[in-house]
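Thank you all for coming. I would like to walk through one model with you this morning, taking two sheets and the helices that lie on them in turn.

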Amino acid sequence: MLSGTHINIAGIVQGVGFRPFVYELANRYDLKGWVRNTSSGVEIEIHGKQVDLDAFINTLRDSPPPLARIDLITSEDRAYCKLSRFEIIESQPDPTAFVPVSPDIGICPDCLRELFDPSDRRYRYPFINCTNCGPRFTIIRDVPYDRPKTTMSKFRMCPDCQAEYDDPRNRRFHAQPVACHECGPQLSLLVDDRTIANRDNAIQIARSMILDGKIVAIKGIGGFHLACNPYDAGAVARLRARKLRSNKPFALMASDLGIIQKHAIVSPVAEMILRSREKPVVLIDRSTNSELDQAIAPGQSTLGFMLPYTPLHHLLLKAEAPFPDILVMTSANLSEEPIAYRDEDARTRLSPLADGILTHDRDINIRTDDSVSQYFMDLPYPVRRSRGYAPNPIQLPSDVGEILATGAELKNTFCLSRGSYGFVSHHIGDLENHETYEAFSEGIKHYERLFRIEPKILACDLHPDYLSTRYALKRAEEEQLPLFQIQHHHAHLAACIADNKYYSDQPVIGLCYDGTGYGTDGTIWGGEVLVGNYASFVRMYHLEPFLLPGSELAIRNPVRIALSLLWQFGLDWDESLPPVIATSNEERLALRTQLEKKLNSPITTSMGRLFDAISALIGVCQFTTYEAQAAVELQTIADPDEIGSYDINLSDDQIDIAPLVGGIYTDLVNGVSPAALSARFHNTLAEISLKVCQTASTTYDTQVVALSGGVWQNKLLLERTYQKLMQSGLQPLIHRQVPTNDGGISLGQLMIAAKLAKGM
Ligand code: ZN
Ligand code: ZN
Ligand code: FE
């Protein structure tokens, strides 16, 4: 039987080789008709035998091209037309056109094979790509996604590249960044602001510099990395000194999976994430026989590994010994500044950091850091969602319209919505300096332009001083838009349930554990047990409040919080205690006065700070040089076989911490090992979590528990708690698409604002 079908497809279907795929498929089933891009995706008309039409649609649905993401297929029957061929026809320009843009994708197997094939015309070309791989989001200036609107516009295609670009049967049909040795971007190596080598020679010299212990800045997809030889302790130490980064771990890039297996225990899920086309840094348990220097990741039981994702990375790492099979690849910035991504910027900012700069003339339009992932229960558990993932939209529970949520202060992301798409931005960073703030406000403008979004509703944090809050307040006033200021931990709860596609209005329990969030009473919250939904919440329990003597100073020096807790519970500052040993008599005298008079000592219920305090109390970490250091080191030393725990007590709406601190104190004085103490501390928190959930579950008749907040990056605590909740019939939800830390806050804010706006 002959008939026709008209098909509409929504999703990520442009710039991912979708039309050539459709063209091939139509020819395979001997169907006639056409395909074109539209404002919302792709439109297809096919005519032929009914059985072939069905097979065509099934194949399209079941095995689309690798980078495509089909969100919706609709089809309508048409009367059969006798057509002579199948063709790709021009799309009609539409000023309100809106289609998701593909993230940047690691080099595909076909391009990788060509890269090392001496007979291929792109042999060793560092910018080889096709419709299945290569840069996307980072080179797009505007939509529709066409070469003139990318940073490739300045390169005129040679006839060979043009022919591939124009041929619907070619893998490079309409691959916007297509290029070759003849016509495309080229490498150069700068030393002392002078170009000393070009093309392949630049790679060879950069490599010999690294082998000599030098630090080389390398331009990647979303910014520069600083690279050095991880087996060279001197080079690693120099890199730490220059970056002013004394302890924070460095990411590593290994030439292949086999190399990573020599240094870390690569589980099947870790392998799956490492090999995924997004190519994030994956935090993997270090194996005891790894000969990598401890200085790569001091005090940590994990190493952050990634596989090469650009052709240049492959060219660099595919080398004979003695060139290292692993490189340190850390973001090219000074301490907490944003990563450098523009060439001028790299030349000025990176000269003091790098001995050479391996760069190229394909501009990066928008900075994106490497993504970072953990895994839990055989699935990815994101830590930083950036390159490779952004700007892929998160599917929202319903059509929420156009909203902007500006996120939190640290690990900022913002989120813009259109329809039922939530565009959670790439990682912006800590909004503490001018440059990051610029990246934040320019990023918002860029997303609004790319996805044609004009926010009608705004959402931000409740904290009056966050730059993201001020930005939202200013815009609300200038554009006369409704603004919802959302409590930080309520946003965590909402982010976690949205992440899990939870659509119901039924309340859930939120175990919201993090370092800092502004509470509705103006104090610093962070150990919060909430019960609520998108619309509202109650604070059912919180940690017993304690003082942070010196505020910011206490956050950097956990020793102060440890002494504060001892003081609060009337426990002696005994000479033998690690926090006492770590401080002078004068310091402690001043601290005692500060505590007694409550001078610059805000109160907090923060779980993150409790971790800091215990870490200091048992002698693990008294002073920190990066965020969460004390907590990470505390987790690292825990004895996994220890099952002991301390008494727990809930009074009214408070989780008492006196029994916990008192118990650790007694054990410490009695000489119990730090490894056992740390494990008992974790076990106690898991038990407390279970107990509060059981009470909340009975009171509010709900079984669902959302685990959100940076503290849940602690996999020991997560494992223990998750198990207990499951065993008692509760239903824990954890983050899977956006980070559990403040990188996920914007999604939660957006969902809450959408709900509140409906009720207006
Ligand atoms: Zn490719
Ligand atoms: Zn060319
Ligand atoms: Fe938080």
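Let me begin with a question: which residue follows helix 5, and is its phi positive or negative? The residue is Gly-213, and its phi is positive, near 90 degrees. Please keep in mind throughout that this is a predicted model.

Staying with helix 5, which covers residues 199-211, we can check its length, because at 1.5 Å a residue its 13 residues should span 18 Å, and the end C-alpha atoms are 19 Å apart, which agrees. As for its side chains, Ala-202, Ile-203, Ala-206, Arg-207, Met-209 and Ile-210 are buried in this helix. These residues cover an arc of only 160 degrees around the axis, which puts them on the same side of helix 5. The general background is that an α-helix has 3.6 residues a turn, so residues three or four places apart point the same way.

What, then, does the helix lie against? There is an open sheet of 11 strands, in the order 7-6-14-8-9-13-10-12-11-15-16, and its pairing is mixed. At its edges are strand 7, residues 194-198, and strand 16, residues 379-384, each of which pairs on one side only. From one strand to the next the twist averages 35 degrees. Helix 5 packs on this sheet, where it touches strands 6, 7, 8, 9, 13 and 14, and its direction makes about 40 degrees with that of strand 6. Helix 10, residues 343-350, lies across strands 6, 8, 9 and 14, and runs at about 175 degrees to strand 14.

For a closer look at the pairing within this sheet, take strand 10, residues 251-254, and strand 12, residues 302-306, which run parallel and are joined by three bridges. If you want a residue to find on the screen, Met-253 has Met-306 in strand 12 as its bridge partner.

Let me turn now to the other sheet, which is open and has six strands in the order 17-20-19-18-21-22, again with mixed pairing. Its edge strands are strand 17, at 394-395, and strand 22, at 483-486, and each pairs on one side only. Strand 17 runs antiparallel to strand 20, residues 421-424, and two bridges join them; the bridge partner of Gln-395 is Tyr-421 in strand 20. Finally, helix 11, residues 434-450, lies across strands 18, 19 and 20, and runs at about 15 degrees to strand 19.

Note on methods: Residues are numbered from 1 along each chain as its sequence is written. Chains are lettered from A and ligands numbered from 1 in the order in which they are written. This is a predicted model: local features need pLDDT of at least 70, side-chain atom pairs count only at pLDDT 80 or more; totals for chains, interfaces and linings use all residues. Side-chain values use heavy atoms; hydrogens and water are left out. Helices (H or I, at least four residues) and strands (E, at least two) are DSSP runs, numbered from the N terminus. The expected span of a helix is 1.5 Å times one less than its number of residues. Buried means under 20% relative accessible area, exposed over 50%, partly exposed in between (1.4 Å probe, protein chains only). The arc is that of the directions from the helix axis to the C-beta atoms. Two strands pair if DSSP finds at least two bridges between them. Contact means heavy atoms within 4.5 Å. Axes are lines fitted to C-alpha atoms, for helices over the stretch in contact, and angles run from 0 to 180 degrees between N-to-C directions.
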